[in-house]
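Student: I am new to this structure and would like a close look at one part of it. Could you take me slowly through a sheet and the helices that belong with it, and then point out a few other places for comparison?

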Amino acid sequence: MLLATQAARAVTGVESAENAQFRHREPTAAPAVLALLPGVERAVTAMGDPSIGPVLERYSSAVRSVEASLQVGDTAGALRIEQTAENPAADQLIGVVSRFAASQSARADRGLRHADRLALAVHVGTVGLVAAILGLLWLFGVRAERARRRLVEFHEARFRTVVSRGTDAIALVEPSGLVLFASDSCEEVLGSHPAALEGKLLLEAFPRDERERVSGALAAVRTRPEQPVVIRIVVEDPDLRFLEITTVSKLGDPTVRAIVVNVRDITRRRLAEMALGRSEALLRELLDWAPVLVYVKDLDGRFLKVNKAWLQATGLSQEQAIGSIASEILPRRDAELDAAADRAALRGGGYQAEEVVSLAGQRRVLLTARFPLVDGDGATYAVGGISMDITDRVRLRETERLLDAVVTHSTDAIFGVREGQITSWNPAAEELLGYTADEVIGTPAASLFASAGLEDEQASRLEEVQSGAVIDASLVTCLHRNGTPVRAELTTTPVHDSEGRSVGVSAILHAVSDLPSQASGASGVDELTGLPTWASLVDQMAQILNLCALEGSLGGVLFVDLDEFGLVNDSLGHDAGDEVLRVVADRLRRAIRSGDLLARHGGDEFVVVRHPVSDRDELVEYAGRLCQVVAEPVKYRDDTLVVTASVGVALTPARNTMLWVQDAGFAMQEAKRAGGAKVHLFDETIASQVRDRITLRNDLRHAVDNAAVVAHYQPVLDLRTGHLAGFEALARWRHPQRGWVAPDTFIPLAEETGVIVELGLAMARQACEQLVTWQYEHEAVDLEMAFNVSSVQLRNPAVVSAIGEILSSTGADPSRLILEITESTFAYAASVGPALSELRGLGLQISIDDFGTGYSSMSYLTSFPVTRLKIDRSFVARLGTDPRAQPLLAGIISLAHSLDLRVTAEGVETQEQSEWLALLGCEHGQGYLWSRPKPPDELTGWLTAAAAQPPGITRPVAAEEPAPPEDLTYLRVLQLRHGGASNHTIAAVLNREGIPRQGGTRWSAQAVAALLVSGSQQPRP
């Protein structure tokens, strides 16, 4: 017989310490039986009963098979042989021996001969021996059965322990729903003690509103043996919980005969799923509402996801888009370019370019960024794209070029004025008056009329136009450079920025030969359209304003401006433009109500005054009708032209006629910003923005006059040594009510108003005084000081003498001063060039600020006295993220060094950027990595530390950067300086992937240290 521990071992596959103890206490009976088998076989042979032999053979074979299985560790096989062969053979053997003993006893009772009795005694002895052996076997079997029962009890106890310690609640349930067994976890998961559940219905452990579903699961599992039924329920008492119930039928298993119910608390998982779902929904909403086209394609080019903007642009539905490819949506050539762009993005890790494609039958210009999408294992599984429709921007750019061409080739003299100074001058103006652009830009515009004694009158007129007024043609007399008087018709109109604010004046001088031809203009009638001029209606508008105030009635002004009218002149000529203006004027004349006023405001602008008006809705509806009237096609020769209009509407009350029309003009600009061909009603939001800007402009002038704008200083570091190299002075303004005003806000205001001249000189004086103070207090520190000068200042003839006076009065060393100018200054190259040369002659260094973002030109670097470049922060920010940033910066730095220019990088924010810049050869850096701009009293620690720093080995500086070859390495030539000693030029072979992200500079410094120590003067690999 086998022990129960061996059976357990076959089931579990593991013999625990407890199993080993059982095995030691209950040794197997198989070896003992095998030892007795020879004697049993002799006894059975002596009995002479032929039926006993085969039974004994089967029993012997079974015992030997059991022992063989045990020897190889197959306890499960031994148990199976015992149950199917050994035990039945033993029972059969006992039966045969018993029958033989009974027959021999019967013969003895019949009184056989003595010989027969002797033989019977032998047989009886043999039978007794066999019976004794079989009894021994039976005894061993009883002991084995007791051991098996103890092992079963042990495993049952262990099973209960494991189940009780699990996190899932487990119950055995009868088909009727009564609980036979409940694990200890039921108390935590279901809130019911196991003892309270056993013998009761399982449904009582669940909320009433969920019991029907639980009952359904129990019923379903009874009809689906061995197939689990899973449901999820919600429990809200006392806290919200989510439970997952799995029911499995074990009714057909004779060892179980019950339904197994497993209850798992999935609250955390469910809440996480819900949170993830909300996040995904939020992301989908953000993408759908984004005003850009967003899509994801798989590696075969099939669209996986698109947002609403993409669907609107293509005109497709979600069902049509998903699964489609570009060739099914775009023309063949566009689809080929799209696929090539995807491949470039996957190959290079990203791709951005302007693309022209056909979407929904229209050619659109898209600025598209494509990028690979990578899974958690680093494998690329899709390509994403974000496209911005820049068609209108490109058209505007083209329009600006066309307008520039129109101004350049116009036969009328056209010049711009800002804050009383001439800012532009076209060739026709040079031809009319004989002055070149270099001679007049930056000079007062009123001086053009000095020959006629009109300078004061014209200066006042220009200020009026600057505030937003448009003044129609008037006759003036100017003086040609050769002294000849020039009579011309002067028309002035304000120039508005993108927010509708007046930022300058555009003036046109049209040469005239006599006065009578202009009589109609002087009389208040526009010669081209026959409409009154706006100036001629001022008195009538003033009367309407007074009437509105007295009666409490409403009046309205409609400012009508034709959209993109310049394109008509540019494409078809001024004759076509004049015809459009005449037709539009005639249509407006016929569309307005009797008693309304209509005037040409100038150019392609018209003003309609309507009184009375019932309410704002009536006026807006009226403006909409005028838009429709203007938009009707215009026939010109063989062409049909369609011109739309943007209309701004302003209601009374208004303080005066000028402000009334000005408000309507602001509203018209809002309509244009909304896309044109629209009506926009002036409201206090627009007025508030305008008033706020005017107030801030006045406050700025007051702040400059009272020295309330002060300089803060940002440290500039030598990237080769890490030592302090100097500071940059930056203007900071703390408004008494608004707090700190951003420089991006008040600097443009200062340039618009001309206050920038005084502000710039104030910053220059503070910078010089501070440099002198710091040099006196810290003699050991060699400092440079940078300050900014705007193009407006440089165009002022007095700027050179003013800066010279500052140098003289402060005693600042001009060689330690760096005058920073922006690249936009080169737009005024002719007028600022002499001033820059004179300032360089005073000993100041000249640096180009924000290099790479403005009017960059190689000729400017050689034709102007530039000594330094400051790389714009936008290039620095891409270091470490954009693989193109490093070669681009290397090219800029190499170019600067080839021109003997020193380089400073601004906007350095990370150590990695600093190390890369040093490796590329950039001498200086400044940025938040080291310090924000601060008042001088907060920078004492910098100066103290700088005074204590000894000179050290400089970091490598790139002196030459040849183009990388196609193999995996390229040659970089580095120049190493050591405390002013002889230079060591070395060649270092660097991996194409670049220096490691962390510690790049330290790594390169270690690489060249050995060469420095060796003292070799020859380049080596």
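Tutor: What follows is a walk through one sheet and its helices, and then through some other parts of the chain. Please keep in mind throughout that this is a predicted model.

The part to look at is an open sheet of five strands, whose order is β17-β18-β16-β21-β22 and whose pairing is mixed. At the edges stand β17 (597-602) and β22 (679-681), each with a single partner strand, so one side of each is left without a neighbour in the sheet. From one strand to the next, the twist averages 20 degrees. At the β22 edge, strand β21 (residues 645-651) and β22 run parallel and are joined by three bridges, and here Val 649 stands opposite Leu 681 in β22. Helix α23 (residues 657-673) packs on this sheet, where it touches β16 (554-562), β17, β18 (605-613), β21 and β22, and the direction of α23 makes about 140 degrees with that of β21.

Helix α23 also has a helix packed with it, namely α19 (residues 538-551), at an angle of about 90 degrees and with the axes 9 Å apart. With an angle in the range from 65 to 115 degrees, α19 and α23 are therefore roughly perpendicular to each other. On the α19 side the contact is made by Val 538, Met 541, Ala 542, Ile 544 and Leu 545, while α23 brings Thr 657, Trp 660 and Val 661. Sorted by class, the residues of this contact of α19 with α23 are seven nonpolar, one polar and no charged.

Another pair of helices can be read in a similar way. Helix α21 (residues 574-591) packs with helix α22 (residues 616-630) at an angle of about 145 degrees, their axes being 10 Å apart, and α21 passes α22 in a right-handed crossing. Val 584, Arg 587, Leu 588 and Ala 591 of α21 make the contact with Tyr 622, Leu 626, Val 629 and Val 630 of α22. The contact of α21 with α22 has seven nonpolar residues, no polar ones and one charged residue.

Further along the chain, helix α32 (residues 885-898) and helix α33 (residues 911-920) pack at about 45 degrees, with their axes 10 Å apart, and that angle makes α32 oblique to α33. The crossing in which α32 passes α33 is right-handed. The residues in contact are Gln 886, Leu 889, Ala 890 and Ile 893 of α32 together with Trp 916, Leu 917 and Leu 920 of α33. By class, the contact of α32 with α33 has six nonpolar residues, one polar residue and no charged ones.

For another set of paired strands, turn to strand β4 (residues 241-250), which is mostly covered, with nine of its ten residues buried. Strand β3 (residues 229-235) pairs with β4 in the antiparallel sense over seven bridges, and among the partners Ile 231 is matched with Ile 245 of β4. Strand β5 (residues 258-265) also runs antiparallel to β4, joined to it by eight bridges, and Thr 247 has Val 261 of β5 as its bridge partner.

Key. Residues numbered from 1 in each chain as written. Predicted model: local features only at pLDDT ≥ 70, side-chain atom pairs only at ≥ 80, totals over all residues. Heavy atoms only, no water. Axes fitted to C-alpha atoms, helices over the stretch in contact; angles between N-to-C directions. Helix = DSSP H or I, 4+ residues; strand = E, 2+ residues; numbered from the N terminus. Parallel < 35°, antiparallel > 145°, perpendicular 65-115°, else oblique. Left-handed = near helix turned anticlockwise from the far one by under 90°. Contact = heavy atoms within 4.5 Å. Nonpolar A, V, L, I, M, F, W, Y, C, P; charged D, E, K, R; others polar. Pairing = 2+ DSSP bridges. Buried < 20%, exposed > 50% of the residue type's maximum accessible area, 1.4 Å probe, protein only.
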